[in-house]
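Here's a quick briefing to help you find your way around a protein chain. Keep the model open beside you as you read.

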Amino acid sequence: MRRVVRQSKFRHVFGQAVKNDQCYDDIRVSRVTWDSSFCAVNPRFVAIIVDASGGGAFLVLPLHKTGRIDKSYPTVCGHTGPVLDIDWCPHNDQVIASGSEDCTVMVWQIPENGLTLSLTEPVVVLEGHSKRVGIVAWHPTARNVLLSAGCDNAIIIWNVGTGEALINLDDMHVDVIYNVSWNRNGSLICTASKDKKVRIIDPRKQEIVAEKEKTHEGARPMRAIFLADGNIFTTGFSRMSERQLALWNPKNMEEPIALHEMDTSNGVLLPFYDPDTNIIYLCGKGDSSIRYFEITDESPYVHYLNTFSSKEPQRGMGFMPKRGLDVNKCEIARFFKLHERKCEPIIMTVPRKSDLFQDDLYPDTAGPEAALEAEEWFEGKNADPLLISLKHGYIPGKNRDLKVVKKNILDNKPAANKKSDLINAPKKAADASDPQNEAKLDEILRELKSIKDTITNQDERISKLEQQMAKIAD
C-alpha cells in the first residue's frame, strides 16, 4: 500500500546558521554542570551566562552587537556564586531575572541601549531558598510574577513589584526539580523531578492536580512543558537509556497519548515550544542538531518534521519570542546556539515564493502587555495572553522602569523575623532623612554626570579619529 505523506506547511522548514560576522565571538560560555539553556533572548537583547572568577555573571548584548566581544565588555555581576539560569520578563524587554548558586534570585533592569558599565546592583534581591536556585520562570500573563525553584526542592512564587514571596511550595517535591513550566494562562504549573514524576500543580491552591509516576523509566533528567491546548509534552530516557518523547493528557495520565523513542545519547533534550505553530524543537545538550516536530490532533499526534544539523555541539540554546522574528523572510523560529567560545544565531524559515505577509504562518501572537497585575493573579483571576498582529512587523516600544515598592515589612513578615526587622527599620528611616546623606547623594550624582559626559566626549573623539584613519587608508 502506498504511504500517504501527511500535508503540512512546516514539512520544508529550512534551518540556516548566519554568516560568521553575524555571530557573537570570543565569549567564555559558562562551564557549570547544570542542565539549563545558559542563554535567553528577546527582541532587544541576547543574554548569555559566562565564566566569571569570584562569583557569577552573565553578558547582555544588544542584538546588533555582533562580531568579537571585547574581554572587558561589561557584565551583570552581582551574584556571589555561579549563575545557573536566566529569563527575560515577557512584559518588559529590559528586565531579566537570574538564579544562582548563592541561593538568591536577582531581578535586573538593563539600560535601553545596553550596558556601558558592569551592573552590580539588582533592582531587587529575592531571598528565600536555602540551596542553589537552578530555575527562574516569569508568569506568562501577570505582571511582576516570578517563579523560582531551587535544590532545596522548593518552588517560590514572588511578587517582584513588592519583593515578597507570596507562595511557597516546599513540601510537594522529595527530590531535585529538573524543570518547571507555566501553562498558557499561568493558572497551573507542571514540574519534572528526579523521582521520575511529572506533577501538575495549582500554585494558588497549593495542591497537586495530577501526577504521573515513572513518566520515563530512565534515571537521567527529564523535561515537561505545557502545550497551548493544555496537554503536556515530556522528554526523558527509557530504561535502556534511549531518549524518548511523550505526549500526555493531564486529565488521564495513565497512558501517554503518544510515546516515541529517538536515539541513544546521553544529552538532556531541551524542548522549545512555539504555541502559534504548535511546533516543538528539541535541542540536546552536547548534540549538534535541532530536531523539530509538529503536534496535531490526529494520530500519531507528534509528527517528525526534520532535523537541522551542524558540525559543532551545542552548550546551550536561546529561543527568540515570535515578536522578534523577521516576518518578511518567513522566519518562524530563531535559535541562539552556544558553542565553547561563541554564540551563533540559527534561522528557521518556511520557503515561500510570495513577498506578502503570510497569515497562516503568523497568527496573532503573545504581545508584551501583561493581561493581569500581580495582585489580580494572586487573588485568583486568570487571563490568556494579550495577542498582537505581526502583519507590519514588531517595533519594540518604550518599557516602563521596574519599580519595587516594599510594603511595610513589619506587617507581613513571619513572627520569627520581626525582632531583627524592628531593629533595622528605625535605623533605615533615620538614615534616609540624614542631611549628610542627601549631600553625599548629590555629590555622587554630579560625579556620575561628569563621567557620562567624559564618555560621550571620548566616543566622539574616537569616531573622528576613525574617520581620519579611514581617509588616510583610502
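What follows goes from the whole chain down to single strands and cysteines.

This is a predicted model, where local features need pLDDT of at least 70 and side-chain atom pairs count only at pLDDT 80 or more, while totals for chains, interfaces and linings use all residues. Residues are numbered from 1 along each chain as its sequence is written, and side-chain values use heavy atoms, with hydrogens and water left out. The protein chain has 4 helices and 32 strands; helices (H or I, at least four residues) and strands (E, at least two) are DSSP runs, numbered from the N terminus.

**Overall shape**

- The C-alpha atoms of the protein chain fill a box of roughly 85 × 75 × 40 Å, taken along the principal axes.
- The radius of gyration of the protein chain is 24 Å, which agrees with the value near 23 Å for a compact globule of 474 residues. The radius is taken over C-alpha atoms, and the globule rule is 2.2 Å times the number of residues to the power 0.38.
- Of the 474 residues, 50% count as buried. Buried means under 20% relative accessible area, exposed means over 50%, and partly exposed is in between (1.4 Å probe, protein chains only).

**Domains and the coiled-coil stretch**

- The domain assignment gives domain 1 (14-388) and domain 2 (438-473). Domain bounds like these come from an automatic or database domain assignment.
- Go from the C-alpha centre of domain 1 to that of domain 2 and you cover 38 Å.
- An unreviewed UniProt entry carries the annotation "coiled-coil region" for residues 441-468. UniProt positions are given in the numbering used here, feature names are shortened, and annotations may be inferred rather than shown by experiment.
- In the model, residues 441-468 are 100% helix and 0% strand, with the end C-alpha atoms 41 Å apart.

**Strand E14 and its neighbours**

- How many residues of strand E14 (residues 155-159) are buried? The count is 5 of its 5 residues.
- Both faces of E14 are covered: Ile155, Ile157 and Asn159 are buried on one side, and Ile156 and Trp158 are buried on the other.
- Strand E13 (residues 145-150) pairs with E14 in the antiparallel sense over 5 bridges, and Val145 has Asn159 of E14 as its bridge partner. Two strands pair if DSSP finds at least two bridges between them.
- A hairpin links E13 and E14, with 4 residues between them, and Asn153 in the turn has a positive phi of about 65°.
- E14 also pairs with strand E15 (residues 164-169), again antiparallel over 5 bridges. Here Ile157 has Ile167 of E15 as its bridge partner.
- E14 and E15 form a hairpin too, with 4 residues between them and a positive phi of about 70° at Gly163 in the turn.

**Strand E25 and its neighbours**

- Strand E25 (residues 279-284) has 6 of its 6 residues buried, so it is largely enclosed by the rest of the structure.
- One side of E25 has Ile279, Tyr281 and Cys283, the other has Ile280, Leu282 and Gly284, and all are buried.
- Strand E24 (residues 269-274) runs antiparallel to E25, joined by 6 bridges, and Asp274 has Ile279 as its bridge partner.
- E24 and E25 form a hairpin with 4 residues between them; Asn278 in the turn has a positive phi of about 60°.
- E25 is joined by 5 bridges to strand E26 (residues 289-295), which runs antiparallel to it, and Tyr281 has Tyr292 of E26 as its bridge partner.
- The hairpin of E25 and E26 has 4 residues between the strands, and Gly286 in the turn has a positive phi of about 90°.

**A four-stranded sheet**

- An open sheet of 4 strands has the order E8-E9-E10-E11, with antiparallel pairing.
- Its edge strands are E8 (83-88) and E11 (124-127), each pairing on one side only.
- E8 and strand E9 (residues 95-100) are joined by 5 bridges, and Trp88 has Ile96 of E9 as its bridge partner.

**Cysteines**

- How many disulfides does a search of the whole structure find? The search finds 0; a disulfide is a pair of cysteine sulfur atoms within 2.5 Å.
- Cys23 is in no disulfide, and the nearest cysteine sulfur, that of Cys343, is 7.6 Å away. Cys23 is buried, with a relative accessible area of 0%.
- For Cys190, the closest cysteine sulfur is in Cys283, 18 Å away and too far for a bond. Cys190 also counts as buried, at 0% relative accessibility.
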